[in-house]
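Me: I have not looked at this structure before. Could we go through it in short questions and answers?

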Amino acid sequence: MTEIYGIHTPPFEFIEDKIILKVKEEDQQMNYTRELDDDVVEKPVISQDNKMTFQPVEPLNLPKEITSSLLIEFENPIVIDSGMKKEIFATFPIEIAVFLEGESPEKPLDLFTLAKQKYTLYGDVKTGTICKYWSTKQDTTIPEDLDPLVEGIMALTIVNRTKEWKEVTKVVFDAYGMKIYYDEEKVGMKGALSIKEEDLSETGFFNKPIEEDMIKAREIYRKKKSPIKGGTKFVMESGI
Amino acid sequence: MLDRVLYGGVTLSDLLVSIIILFIAVIIGKAISLKIRHSLKDRVSKDRLNTISKFVYFLFLLVGFLIVLPILEFRISGFLVAGGILGIIIGFASQSIVTNLISGIFLTFERPFRVDDVVKLGGEDGILGVVEEIKIVSTTMRTFEGVYVRVPNEKVFTGNIINYLENIARRFEYDVGIRYKDDADEAMEIIKELIEEHPMALKNPEPQVFVESLGSSAVELKVRVWAPSTEWFPLRMELLWKIKKELEENGIQVPFNQQEVWFKNALHMEENEIT
């Protein structure tokens, strides 16, 4: 059970392994403190509502916002036959955002992550895309025992519209379109990969939770226009 | 007073109307180009936005002039004749300006770099800096020492241009020497782990660590790492020192140059003679 996600009023304290979060109320202001490894953030906050929301957000902000794309690589390639449609479960990295309740709902007060951070290149150096990188196992059922502070569950629908079987080693998403849902125990989202032709596949997200009664997370990039042409769908032209 | 004739049939009121029309054209042109800048700033690159907004502004100015000229009884045909003669005179007098102008137009179409790109103009020994503005006759840059540099477009267009941000990823490499008695496999493993741990060292294209040569004083390792072009320099600065420290913490040292000297005749020295 994770007590971190949701709306909190001070005093609030969360300590687990590497992370220490404290929100205290002193002299009609909140004092927010976060410690993660050697990184310490202290912010006195003057707010009318004196409430803070902790929730998972798109993994694009840390260590630096340099891309809008997320590449998920499968540890074992998935083979899908011609004309088949199948939902599999994989994982994706999480960043945790702290929001003030009230004005500027998409502007986080703090951002941190416990997930491994790595970037990769999809395609070639001239026309390719720098992507946030994540390696995952795949499963036919919702994976258990995941740490919801580190990774979320992605229900990925794969459709092979070509006339031959295909091997899927990776999927690339325009993460500006991520629709993350969460509850106390898990974080999840629904995505899709449509294999259309040789070297032409398309990915996107569904605005639905993986299970009922999950809460929709705020989207930091909802209003920001994606640098990728075609909105929040990503066209994979350099292989899957 | 407003009916006072200035020349031909042009009165003072005509002149005032013309000034007002031009003023309105400037105001509308500025307002619309500003509006375009605001509405397109997230969708269009900075340099293209500059060109579009300037074009719109000058278009309004031109429309203003075209309205005003008949009011002031200027004949466009007369302008063309006068302009032709004037053009020849100006053409001879300002050859370099025209060359820069044409180079600027070609640069706009070819687009070898954009605003905010890190470029070196004039080849290897040229000017290195960040492009601030691509104007019609010159390109302005800010060097990393913070110096403002204006380069005529003719020099930009005819010289070599190295654009460090044109491709999205860039590679750098290190030569790391270790002692012969150190385990090269262990050293390579340590370096690979350090690269893997760093977020900005790209997973793909895969980094390479291998024994490059057996040198006179050290086993020379070659380390090749790809990084996003924007993060290339910070990563290159950071990683080398980390490699050195990590190798030393694991008992692997980067040796000094060594030379073994053999004497043809053995030196007969007592131990207590050595000072």
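What follows is a set of questions and replies on a predicted model.

Me: How many residues does each chain give to the contact between chain A and chain B?
Reply: The model is predicted, and totals for interfaces use all residues. The area buried between the two chains is about 1600 Å², with 61% of that from carbon and sulfur atoms. The contact is made by 17 residues from chain A and 18 residues from chain B.

Me: Which residues of chain A lose the most area to chain B?
Reply: About 1600 Å² is buried between chain A and chain B. On the side of chain A, three residues together account for 33% of what that side buries. They are Lys118(A), Leu121(A) and Val125(A).

Me: Which residue of chain B forms a salt bridge with Lys126(A)?
Reply: Across the interface of chain A and chain B there are three salt bridges. In the one that involves Lys126(A), the closest N and O atoms are 3.0 Å apart. The partner of Lys126(A) is Glu166(B).

Me: Which elements give two or more residues to the side of chain A that touches chain B?
Reply: Between chain A and chain B, 12 residue pairs are in polar contact. Two elements of chain A each give two or more residues to the side that touches chain B. These are strand 11 (119-122) and strand 12 (129-136) of chain A.

Me: How many residues of strand 6 of chain A are buried?
Reply: Strand 6 covers residues 52-57 of chain A. Met52(A), Phe54(A) and Pro56(A) point one way, while Thr53(A), Gln55(A) and Val57(A) point the other way, and all are buried. In a regular strand, side chains alternate between the two faces of the sheet. The buried count for strand 6 of chain A is six of six.

Me: Which residue of strand 9 of chain A stands opposite Gln55(A)?
Reply: Strand 6 of chain A pairs antiparallel with strand 1 (residues 6-8) of chain A over three bridges. Strand 6 of chain A also runs antiparallel to strand 9 (residues 95-100) of chain A, with six bridges joining them. Opposite Gln55(A) in strand 9 of chain A is Ala97(A).

Me: Is Asp110(A) buried or exposed?
Reply: Asp110(A) lies in strand 10 (residues 110-112) of chain A. Its side chain makes a polar contact of 2.9 Å with that of Arg34(A). The cut-off for buried is under 20% relative accessible area. Because its relative accessibility is 7%, Asp110(A) counts as buried.

Me: What separates the C-alpha atoms of Val159(A) and Gly83(A)?
Reply: Val159(A) sits in strand 13 (residues 151-160) of chain A and is buried, at 14% relative accessible area. Beyond its neighbours within four places in sequence, Val159(A) is in contact with residues including Met84(A) and Lys85(A). Gly83(A) is 76 residues away from Val159(A) along the chain, yet their C-alpha atoms are separated by 7.1 Å.

Me: Which residue of the salt bridge between Glu164(A) and Lys166(A) is buried?
Reply: The two side chains meet at 3.2 Å, N to O. Glu164(A) is partly exposed, because its relative accessible area is 41%. At 9%, the buried residue is Lys166(A).

Me: In which helix do Glu238(B) and Lys242(B) lie?
Reply: Glu238(B) and Lys242(B) form a salt bridge, with the closest N and O atoms 3.0 Å apart. They are four residues apart, about one turn of the helix. Both lie in helix 7 (residues 232-249) of chain B.

Conventions: Residues numbered from 1 in each chain as written. Chains lettered and ligands numbered in written order. Predicted model: local features only at pLDDT ≥ 70, side-chain atom pairs only at ≥ 80, totals over all residues. Heavy atoms only, no water. Contact = heavy atoms within 4.5 Å. Buried area = accessible area lost by both parts, 1.4 Å probe. Salt bridge = Lys/Arg side-chain N within 4 Å of Asp/Glu carboxyl O. Polar contact = N/O pair within 3.5 Å; in protein donor to acceptor, adjacent residues only side chain to side chain. Buried < 20%, exposed > 50% of the residue type's maximum accessible area, 1.4 Å probe, protein only. Pairing = 2+ DSSP bridges.
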